[in-house]
Amino acid sequence: MNLRAYWRFLVVARHFLPLLLAYARDRNRFLLFGSGRQVSSEQRRERARALLDSLLTLGPTFIKLGQLLSTRPDILPPEYIEEFSKLQDRVPPADWADAERVVEAELGPVEERFDEFETEAISGASLGQVYRAEVDGERVAVKVRRPGIEELVEADLRVIRWSLPILMYFIDESRSFSLETLADEFAKTIREEMDYEREARMLGEIRANFAGNDRVRIPKVRDSHSTRRVLTMEYVPGTKINDIEDLDERGLDRTELAETLQRAYLQMIIDDGVFHADPHPGNLAVQDDGKLVFYDFGMSGRVDPFVQDKIVDFYAAVAEQDIDAILDALIEMGTLSPEADREVMGDVMELAIADARGEDIEQYRVQQIVQQVEDTIYEFPLRLPSNLALVLRVATVVEGVCVTLDPEFDFISVATDYLREEGYLAEGVRTYVEDRATEVRDAAESAVRIPPKLEDTLDKIERDELELQADIRDSDRLLATMTKRLVLGMLLASTAFSTAFLYAESTVIAAAVAGVGGVAVAGALWWSFRSKKGVRAKPQFTRQSMRERQGGGGGGADAGTSLAPSSFDEED
């Protein structure tokens, strides 16, 4: 295993070294010294494409890593997020002879355990492949873990762990924690996805939650033919959900399908706390009777009750256009750092809502708001919880599928109706009334306490006893910079005078020594004006930069919406 990991480390280094050198030059133009470089959005996009090609070349583990990174706007800029969202988890299936050894090692001879078994895979993904078969007269789908994938994944996980100290050099401290936790999260996620016993449990739990829903169909697991490396389910055929022409030919209501999909995910995330986390069109199908079918539960997650409550608060705040409530929900969920400038983030949300809002108060899409927030939070210190990252990804992809089904689909209207039917918005009204009552009580108490304090302060002013202390904060070190330049200027003036005096009264050598010192001081003074750390400042976010980003397709809302249906169109 170690030898394989060492070899993979060399292979990975060969692919990533050019990009790492480019990132190093962004910090120091000449690698070890020099000023930093400004990187344009188009340059970041070109690098993202190059990195995407490397991930595809390196194979299954790194394809999965790229998919996970596409959910982490706290680590990567929006250009990388957009490019990585194109990763398709589809690779040619392994030879049947290799897959057959896995099946027989887990279940026994194929001829004895199955009535029929088609040896040509109907789907090939990075970690597993799916075959059609028949057991006791019932058609089934058999998912088989790719032969030898465990050793490759474990070797690649070691490579990723060894690479972390190197990668830390190229990122700032505010994101180093996110990168370390991402490595742990990725190792956990990919091991879980290779564990088909876990997938069977998650599938069974979600299936039970929809037992009474006649608009959703989830395949049933056949436990007698399922193990940690083989998963056998009932075979449920259907039309791929983004095959619009076929859906129309069958006379299916696409708006109703979009609403069913949206409501299903609201139930999973808000009510059940366990959800299917890979809703790309390859994993969603529609039966002739209009039932929505879910496939592939290898990527699934859980939401704890606290986050569920905050998601409800977020949806309610969006519907009411309450900017402060939106920011409070994001902060409490851990999505937005409490240190972020609320005024700036308020501007972000106002612009996002203004861009997305239609004539009616609810005619805007939450995906556009999420996309705008994702584009901006990269510029603020942020630690994004792993399950919440999956929720954000699910919300974005689901909205894209819904808009493909119905370009006029009103995401917020459906969400608002669902929350109202389930009683969440009524609870929100009760909470609002309770909060206002608390504010009134606090205001009354303050009205009693303030007059005595005000009178005492006025007495001190009258007796000239009032002292005022001021703390001048120099967060940008402007005072230190100006002091440094003043001292250097004084030194330069004194060395110039000394050089002239020594040249006139002493030897040329003495004057030259003083002159060299003067040149050094002049160089330091010039460098202090050239350095970007001085009084120059560039805001992290402006209204104009957001308009330019949105207009230029650098990861704005429209780009996210158009990518979602086309980015994931193969079945895992």
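Let's start with glutamate 193, which is buried, with a relative accessible area of 10%. This glutamate sits in helix H8, residues 173-194. If we leave aside neighbours within four places in sequence, glutamate 193 is in contact with Lys64, Leu127 and Gly298. Please keep in mind that this is a predicted model.

A second acidic residue to look at is aspartate 156, in helix H7. Is aspartate 156 buried or exposed? At 0% relative accessibility, aspartate 156 counts as buried. Not counting residues up to four places away in sequence, aspartate 156 touches Arg8, Thr61 and Phe62. There is also a long-range link here: aspartate 156 and tyrosine 6 are 150 residues apart along the chain, and their C-alpha atoms are separated by 9.6 Å.

That brings us to the helix pair around this aspartate. Helix H3, residues 60-69, and helix H7, residues 149-168, have axes that come within 9 Å and cross at roughly 60°. With that angle, H3 and H7 are therefore oblique to each other. On the H3 side, the contact is made by Pro60, Thr61, Phe62 and Leu65. On the H7 side, the residues are Ile149, Leu152, Val153, Asp156 and Ile160. So who is in this contact by class? The contact of H3 with H7 has seven nonpolar, one polar and one charged residues.

Now compare another helix pair. Helix H1, residues 2-27, packs with helix H2, residues 41-58, at an angle of about 170°, and their axes are 11 Å apart. Angles over 145 degrees count as roughly antiparallel, and H1 and H2 are therefore roughly antiparallel to each other. From H1, the residues in this contact are Arg8, Val11, Val12, His15, Phe16, Leu19, Ala22, Tyr23 and Asp26. They meet Arg47, Leu51, Ser54, Leu55, Thr57 and Leu58 in H2. By class, the contact of H1 with H2 divides into nine nonpolar, three polar and three charged residues. You may recognise Arg8 in that list, and Arg8 is also one of the residues that aspartate 156 touches.

Let me step back to the whole chain for a moment. There are 22 helices and 11 strands in the chain. Of its 572 residues, 47% are buried. Among contacts with a separation of 6 or more, 71% are between residues 24 or more positions apart. The chain exposes about 29,200 Å², and carbon and sulfur atoms supply 54% of that area.

On to the strands. Strand E4, residues 138-145, pairs with E6 in the antiparallel sense over five bridges. Within that pair, lysine 143 has leucine 231 in E6 as its bridge partner. How much of strand E6 is covered? E6, residues 230-234, is mostly covered, with five of its five residues buried.

Then there is an open sheet of four strands, in the order E5-E10-E9-E7, with mixed pairing. Its edge strands are E5 (216-217) and E7 (239-240), each of which pairs on one side only. Inside the sheet, strand E9, residues 284-286, and strand E10, residues 292-294, run antiparallel and are joined by three bridges. Valine 286 stands opposite leucine 292 in E10. Helix H11, residues 254-272, lies across E5, E9 and E10, and runs at about 45° to E10.

Finally, a few loop residues. Glutamate 118 is found in the loop between strand E1 (116-117) and strand E2 (123-124). At 31% relative accessibility, glutamate 118 counts as partly exposed. Leaving aside neighbours within four places in sequence, glutamate 118 is in contact with Tyr131, Arg132 and Arg139. The C-alpha atoms of glutamate 118 and tryptophan 96, 22 residues apart along the chain, are separated by 9.8 Å.

Two loop aspartates have a positive phi. For aspartate 136, phi is near 55°, a positive value in a residue other than glycine. Aspartate 136 lies in the loop between strand E3 (128-135) and E4, and is exposed, with a relative accessible area of 63%. Aspartate 296 has a positive phi of about 60°, although it is not a glycine. Where is aspartate 296? Aspartate 296 is in the loop between E10 and strand E11 (300-302). At 10% relative accessibility, aspartate 296 counts as buried, whereas aspartate 136 is exposed.

Thanks, everyone!

Note on methods: Residues numbered from 1 in each chain as written. Predicted model: local features only at pLDDT ≥ 70, side-chain atom pairs only at ≥ 80, totals over all residues. Heavy atoms only, no water. Axes fitted to C-alpha atoms, helices over the stretch in contact; angles between N-to-C directions. Parallel < 35°, antiparallel > 145°, perpendicular 65-115°, else oblique. Contact = heavy atoms within 4.5 Å. Nonpolar A, V, L, I, M, F, W, Y, C, P; charged D, E, K, R; others polar. Buried < 20%, exposed > 50% of the residue type's maximum accessible area, 1.4 Å probe, protein only. Areas by Shrake-Rupley, 256 points an atom, 1.4 Å probe, with all protein chains shown as cover. Pairing = 2+ DSSP bridges.
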